[in-house]
Amino acid sequence: GVLRKAPRVNRSFLSVYVAPSMTLFHLGNCLVLAYAPYFILYKYSGLSENNAFWRCVKAGGAYFVTQLCKLFIMAVLFPVSEDINQTVTDELMQCTADLFDFVGIYLCLSRVLAKGEMKITALAVGWGTAEIIGTRLIPLWIGARGTEFDWQYIQESFGANVNLVNHMTVAALLWIWSRNDAKKLHLLSAVVFLGLLSYKSALLHILEIAFHLNAWMLVTCDIAVSSTIALCTLNFYQQTANKL
């Protein structure tokens, strides 16, 4: 048979039309994966029906104020190490500084006038939305629009969803801790779980180094740990709330 030449691909067409559309599609997927759970939670948890929008906005504002205070404290108490071998130590310092987030969340809880469940949900949505706007929006906007597909930004979007669960868990644990009628076991468990959530990233970093885990394994471990703590916290919250 006669050998036919393969048709020439118009590279200018691919670079002008196909590549931008694929990068925008990738960016859209990442943004939807990161932000959709927050919108769904706000829409169908009763927040929109109870005019809780400004409560969420106030929680978001409290997040930014807390981060400014935390940056100042970190600059004074936890100077950045120039030794590349001190990555675990730096991670522990960062996790210790993250304890100040609990202070900000607790102050928000004490100033929001609402029932326990509504208070926790509004704070988690507002605080979490402010966090992904401040820490993930620009990296996603710049990185996910690159010419090559990268799983890193899908993993970042999954991380935003895990953080939403973490924020609800932290708010619920602090609510339990603030109750005078909570069981001693629940109070002790709340302190332990808050410590685990605060130092979770350092523990995952240690596991990554010790067992040479890849990025997806780390995401899976993060989801497993956060889900386990969240389910235990939900059980404690229901038992405490039933007393009211």
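Let me start with arginine 136, which, in this predicted model, has a relative accessibility of 14% and therefore counts as buried, since the cut-off for that word is under 20%. If you look for arginine 136 along the chain, you will find it in the loop between α5, which covers 116-135, and α6, which covers 137-143.

What does the side chain of arginine 136 make a polar contact with? The partner is the side chain of glutamate 156, at 2.7 Å. When we leave aside the neighbours within four places in sequence, arginine 136 is in contact with Glu131, Glu156, Gly159, Ala160 and Asn163, so that Glu156 appears in this list of contacts as well as in the polar contact I have just described.

Now please turn to another residue, glycine 61, which is found in helix α2, residues 53-77. Is glycine 61 buried, exposed or partly exposed? Its relative accessibility is 32%, and because the values between 20% and 50% are called partly exposed, glycine 61 counts as partly exposed. I would also ask you to find alanine 130 on the structure, since glycine 61 and alanine 130 are 69 residues apart in sequence, and yet their C-alpha atoms are 7.6 Å apart in space.

Next, let us consider a pair of helices, namely α9, residues 200-211, and α10, residues 215-241, which pack at an angle of about 140 degrees with their axes 11 Å apart. That angle makes α9 oblique to α10, because an angle has to be over 145 degrees before it counts as roughly antiparallel. The crossing in which α9 passes α10 is right-handed.

Which residues meet where these two helices pack? From α9 there are Lys200, Leu204 and Glu208, and they meet Leu218, Cys221, Asp222, Val225 and Ser226 in α10. Sorted by character, the residues of this contact comprise four nonpolar, one polar and three charged.

Finally, let us step back to the chain as a whole, which has 10 helices and zero strands, so that reading along the sequence gives the pattern α-α-α-α-α-α-α-α-α-α. The chain has 244 residues, and 38% of them count as buried, arginine 136 being one residue that does. As for the contacts in the chain with a separation of 6 or more, 81% are accounted for by residues 24 or more positions apart.

How values were computed:
Residues numbered from 1 in each chain as written. Predicted model: local features only at pLDDT ≥ 70, side-chain atom pairs only at ≥ 80, totals over all residues. Heavy atoms only, no water. Helix = DSSP H or I, 4+ residues; strand = E, 2+ residues; numbered from the N terminus. Buried < 20%, exposed > 50% of the residue type's maximum accessible area, 1.4 Å probe, protein only. Polar contact = N/O pair within 3.5 Å; in protein donor to acceptor, adjacent residues only side chain to side chain. Contact = heavy atoms within 4.5 Å. Axes fitted to C-alpha atoms, helices over the stretch in contact; angles between N-to-C directions. Parallel < 35°, antiparallel > 145°, perpendicular 65-115°, else oblique. Left-handed = near helix turned anticlockwise from the far one by under 90°. Nonpolar A, V, L, I, M, F, W, Y, C, P; charged D, E, K, R; others polar.
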